[in-house]
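Thanks for making the time this morning. I would like to take you through one model, starting from a single element and working outwards, so please have the sequence and the structure open while I talk.

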Amino acid sequence: MNLGQLRNNDALREKLASEYVFGTLRGGARRRFEEWLKEDAALRRSVAEWQDRLYPMAEFAPVALPSPQVWQAIEKQLNLQGAAPRSGRRSFWLGLREDLAFWRGLGMASTTVAAILATVLLTRQFEPFVPAATYVATLADDKAQPTMVITGDAKRRQLTVKVIAQPAVAADKSLELWAIPKDGTPRSLGLVAAGDTVTLPLPENTTPENTPVLAISLEPKGGSPNPNAPTGPVLYKGAWVEI
Amino acid sequence: MATDDQHSAHLRSLLAATARKDAGAFRSLYEATSAKLFAFALRILNKRELAEEVLQESFVNIWNNASSYQSSLAAPMTWMTTIVRNKTFDLLRRLDDAVEIDADTFDKEVMNALESTNPTPIEALQMSGDAKALARCLSKLEGLHRQAIALAFYHDLSHSEVAEQMKLPMGTVKTWIRRGLERLRLCLSKLEGA
């Protein structure tokens, strides 16, 4: 048998690919198959398909957890010490950063922002004394319902948070606004009162460039006890842009 | 299955970040997958310290070769399982002592679900949608055929070794495994089409 014959024989190709992945193709036959693999893309695809079919069988093993020393050994071997450990609390931020769908979704969010921008600009023509908005954002809940509009003034270094939908917040809870960088720790921007318009100071060097996402988390009354991370769930989030 | 696809996309993005030497993403990848991969290696090797050695070697390999995943055609979890399976079998071959093989390869709960005539136990298992689909198709095979497949897959046994283990003629085992794999393929493609 040679590769040419194999190319014309689907059944044989599938059979060999399955036994190769499964492990029962042995010795000379296995080595010859590996040579063919280098030359034949269709064969490589068959192998990948068989791997995707059979390898979930690995999940049928009884549940077991490795000891924490394994990660420490990996870290040591690869010299990764100092890599920020991700505790459970921070995994949301990490998830958000690594979530391609979310970052792609920012594109869609920008469309909403553009609509708001148009409104802001129109309003400005008629009211020339309205302070200049340099930044604008809409924050939406997990069903993409807009709940808050935020405008920022770079000169005066302030943010105005206007609540569109009235979130129900228990008396012992507060809503906290965060600026989230692509890397590093989130920055708290202050507390937002439910059902009210609030003006917050905008810290120096906090811009859509370095912290592209704004988010609201539900915190104990008075805000997160940790200044570098929310402790409660994130209720609303969205991108902000410079206009 | 949407959640499965999302999970896969998540692992894919973690692998891409790992390829850019993002240690935080690598740690997340470890946290998301190490338990499953460790359980698999442990089931084959039966000794925690060996399975942990394999897990360590595998993740070092994943860190060093994450960029080559880009060209891989398989799902991210498949790619990582391949690495762990190869490392496990490499270690197995280096060991002088033969590792004890018992007949119950799979987790008890999984075995019971596979043998049940009722589809609910499979749905209730804590595993990915891909694994559940495979379980549904494996449950349609005869018990002995399934056992032959489990032995070969988990213990790197050849046809003749499976035959010896099951005290059956090699020709019989060979036929069962070949037909079994073909049936799995047909069954899975039917489920995908559904």
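**From one strand to the chain contact**

Let me begin with strand 4 of chain A, residues 173-180, which in this predicted model is mostly covered, with seven of its eight residues counted as buried. What lies on either side of it? On one side, strand 4 of chain A pairs with strand 7 of chain A, residues 213-220, in the antiparallel sense and over eight bridges; if you want a place to look, Ala179(A) stands opposite Leu214(A) in strand 7 of chain A. Strand 4 of chain A is also joined by five bridges to strand 5 of chain A, residues 187-192, and this pair again runs antiparallel, with Trp178(A) standing opposite Ser188(A) in strand 5 of chain A.

Strands 4 and 5 of chain A form a hairpin with six residues between the strands, and in that hairpin Gly184(A) takes a positive phi near 95°. As a general reminder, strands of a sheet pair through backbone hydrogen bonds, either parallel or antiparallel.

Stepping back, the sheet in chain A is an open one of eight strands, in the order 5-4-7-8-1-2-3-6, and its pairing is antiparallel. Which strands are at the edges? They are strand 5 and strand 6 of chain A, the latter covering 197-201, and each of them pairs on one side only. Neighbouring strands of this sheet are turned against each other by 25° on average, if direction is ignored. Elsewhere in the order, strand 2 of chain A, residues 146-153, is joined to strand 3 of chain A, residues 158-163, by six bridges in an antiparallel arrangement, and there Asp153(A) has Gln158(A) in strand 3 of chain A as its bridge partner.

Now to the other chain. Chain B has ten helices and zero strands, and of its 194 residues 41% count as buried. Among the contacts in chain B between residues at least 6 apart in sequence, 56% join residues at least 24 apart.

Finally, how do the chains meet? The contact takes 50 residues from chain B and 42 residues from chain A. Several helices of chain B each supply at least two residues of the side that touches chain A, including helix 1 (2-19), helix 3 (48-69) and helix 10 (170-193), but helix 2 of chain B gives the most, with 14 residues. By type, the residues on that side of chain B divide into 29 nonpolar, twelve polar and nine charged.

Key: Residues are numbered from 1 along each chain as its sequence is written. Chains are lettered from A and ligands numbered from 1 in the order in which they are written. This is a predicted model: local features need pLDDT of at least 70, side-chain atom pairs count only at pLDDT 80 or more; totals for chains, interfaces and linings use all residues. A residue is buried if 20 or more other C-beta atoms lie within 10 Å of its own, exposed if 12 or fewer, and partly exposed in between; C-beta atoms are placed from the backbone. Helices (H or I, at least four residues) and strands (E, at least two) are DSSP runs, numbered from the N terminus. Two strands pair if DSSP finds at least two bridges between them. Two residues are in contact if their C-beta atoms, placed from the backbone, lie within 7 Å. Ala, Val, Leu, Ile, Met, Phe, Trp, Tyr, Cys and Pro count as nonpolar, Asp, Glu, Lys and Arg as charged, and the others, Gly among them, as polar. Axes are lines fitted to C-alpha atoms, for helices over the stretch in contact, and angles run from 0 to 180 degrees between N-to-C directions.
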